[in-house]
Amino acid sequence: MTENATETTETTETTETSEAPEATELTAEQEDVLEALRDVVDPELGINVVDLGLVYGVDVDAERIATIDMTLTSAACPLTDVIEDQAREALDGLVSDFRINWVWMPPWGPESITEDGREQLRALGFNI
C-alpha cells in the first residue's frame, strides 16, 4: 500500500442465512489476498484467520482495492485493531488499499475451520 492509503473499517449485520457462505470460483487477485491473509494470526488462538474460517469473502476491484468480509470468533472480541494492523502489513504492496467489512451473520462456528486449521489446533492441544 502507498503511504497515503487509508483503511476503512465497516460493520455490517445481515440476517439472510445462518449457513456458511458457499465457495465460489476465485480470481487470481482474490486467491493472492487470501494467501496473504494467512499471515494474519488470531492473537488468542495463534491460527491464521483464513484457516480459522474467519474470512467470509474477498473482492478486489479494478483499482486494486480489496474489500474483505471477515468475522471474529466472538462479536465482543477486542482484537480487531490487532487483526487490522496485521492485515495492513500482509497486504502491503499487493493491493492499493483495503477495507475490512466486519460481519456477524452468519455467526462463526468451529465448523468453519479448515482441515489445516484443525490440525494446527490439535497440535496446540485443542480437541477438535
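Biologist: Which residues of helix α3 are buried?

Modeller: Bear in mind that this is a predicted model. Helix α3 covers residues 115–123, and buried here means under 20% relative accessible area. The ones that qualify are Gly117, Arg118 and Leu121.

Biologist: Why do these sit on the same side of α3, and what arc do they cover?

Modeller: An α-helix has 3.6 residues a turn, so residues three or four places apart point the same way. The buried residues share one side of α3 because the arc they cover around the axis is only 100 degrees.

Biologist: Which residues touch the most other members of the largest nonpolar core?

Modeller: That core has 32 residues. Elements giving two or more residues to the core are α1, β2, β3, α2 and β4. Leu37, for one, touches Val55 and Ile68, among others. The residues with the most fellow members in touch are Leu37, Val55, Ile68 and Met70.

Biologist: How do β2 and β3 pair, and which residue in the turn has a positive phi?

Modeller: The two strands run antiparallel, joined by five bridges, and Asp59 stands opposite Thr67 in β3. They make a hairpin with four residues between them. Most residues other than glycine have a negative phi, yet a value near 65 degrees turns up in the loop at Arg64.

Biologist: Which peptide bond is cis?

Modeller: Most peptide bonds are trans. In the loop between β4 and α3 lies Pro106, and the bond leading into Pro106 has omega near 0 degrees. So the cis bond is the one from Met105 to Pro106.

How values were computed: Residues numbered from 1 in each chain as written. Predicted model: local features only at pLDDT ≥ 70, side-chain atom pairs only at ≥ 80, totals over all residues. Heavy atoms only, no water. Core = buried A, V, L, I, M, F, W, Y, C linked by side-chain atoms within 4.5 Å. Buried < 20%, exposed > 50% of the residue type's maximum accessible area, 1.4 Å probe, protein only. Contact = heavy atoms within 4.5 Å. Pairing = 2+ DSSP bridges. Arc of directions from axis to C-beta.
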